[in-house]
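Me: I am new to reading protein models. Can you take me through how the labels are earned?

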Amino acid sequence: MNISVTWKGRHLRRQVSGPFFFASFPAFLARFAVKAIFRFSGSPANQQHPALASLRSRLYHLPVSSNSLRGRFITFEGLDGTGKSTQIEKLAKALRARGLSVVVTREPGGTATGEKIRHVILDSATTQLSSRAEMALMFASRAQHLQEVIKPALAEGKIVLCDRFTDSTEAYQGAGRKLGGEPVLELHRILCDDLQPDLTILMDSDVASSVERARRRNQKTSKNGRSHKDENRFEQENRAFFTRVRNGYLAIARREPQRVALVNARGTPPETHAKILAIVCRKLRLSGKAQ
Ligand code: TYD
């Protein structure tokens, strides 16, 4: 005898015969119920219900497909000085106003170990760092970040907004430092389980104005004493380097248009925010109205 149930386009079917029908039917129903709870509690609109979120994370250890476990992973990319941090803050505020649980994080960094690595990579006192060592440090920070912050947050159904991810390594080390994209993608497979963002916002601007803005920002930060950190090592690179980085980003956007949304970042911060919010709301199937 065949039993089949269809729910939200998913089709479950079991073939049972004779006395085994009564023995296997409860297990079949239980499995169907678990899948239904996962799908229902995992949709962004339902994540604001703490009971559903907790039920979902408790059930996480049951063997079900990884896709139905996940929150949403959104990364921000672009040249230095395109205003990513401002836009991430604005987006986090807008999503939280809609009752969603949001984690904001960054790379390199995002964990205690990652922040130490960040200091080594970005401090202009770090001299003679080989391009391969630089790429390896980016991945060391990322592997730790995935294990400590990103994966647990996604498993709890949260929305993770991450300032830079592997596209940065492909653009900066792969294209900028001329190491090529293939080793970057290979390391991503080996060290990051090939985890792909659900959406990447690529903030595009021209090289001269972005880098100039980043240089001014970093000088101001150290002069104000707001931060004693020197994060200028990349800003000392020349225009040809940043042109290769930008072209590297544009090539990723052409290769993966379904994941990467190219956003013109030359407008005012509110204008750019409106564009980003519309893209994210479409992706998360939320209302795009300001709240
Ligand atoms: P950050 O201050 O986070 O960027 P921004 O200036 O855009 O606010 O600086 C991080 C720097 O590290 C930036 O210059 C890009 C570089 N980087 C890489 O070269 N490869 C990577 O994989 C990552 C994550 C960053």
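Reply: Here are some short exchanges on the ligand shell, the sheet and the core. One note first: this model is predicted.

Me: What makes Asp 80 one of the closest residues around the ligand?
Reply: Being near takes a C-beta atom within 6 Å of the ligand. 18 residues surround the ligand. The closest are Asp 80, Ser 168, Thr 169, Tyr 172 and Phe 234.

Me: Which helix gives the most to that shell?
Reply: Helix H6 does, with four residues. H6 spans 166-176, and helix H3 (84-97) also supplies at least two. By type, the shell holds six nonpolar, five polar and seven charged residues.

Me: How do you know that strands S3 and S5 pair?
Reply: Pairing needs at least two bridges. Five bridges join S3 (residues 72-78) to S5 (residues 159-163), so the two strands pair. They run parallel. In one of these links, Ile 74 has Leu 161 of S5 as its bridge partner.

Me: Why are S4 and S7 called edge strands?
Reply: The open sheet runs S4-S5-S3-S6-S7. S4 (102-106) and S7 (260-264) each have a single partner strand, so one side of each lacks a neighbour in the sheet. From one strand to the next, the twist averages 20 degrees.

Me: What makes Leu 161 part of the core story?
Reply: The largest nonpolar core has 37 residues. Leu 161 is among those with the most contacts inside this core, along with Val 160 and Ile 201. Beyond its neighbours within four places in sequence, Leu 161 contacts residues including Ile 74, Ile 88 and Val 102.

Conventions: Residues numbered from 1 in each chain as written. Predicted model: local features only at pLDDT ≥ 70, side-chain atom pairs only at ≥ 80, totals over all residues. Nonpolar A, V, L, I, M, F, W, Y, C, P; charged D, E, K, R; others polar. Core = buried A, V, L, I, M, F, W, Y, C linked by C-beta atoms within 7 Å. Buried ≥ 20, exposed ≤ 12 C-beta atoms within 10 Å, placed from the backbone. Contact = placed C-beta atoms within 7 Å. Axes fitted to C-alpha atoms, helices over the stretch in contact; angles between N-to-C directions.
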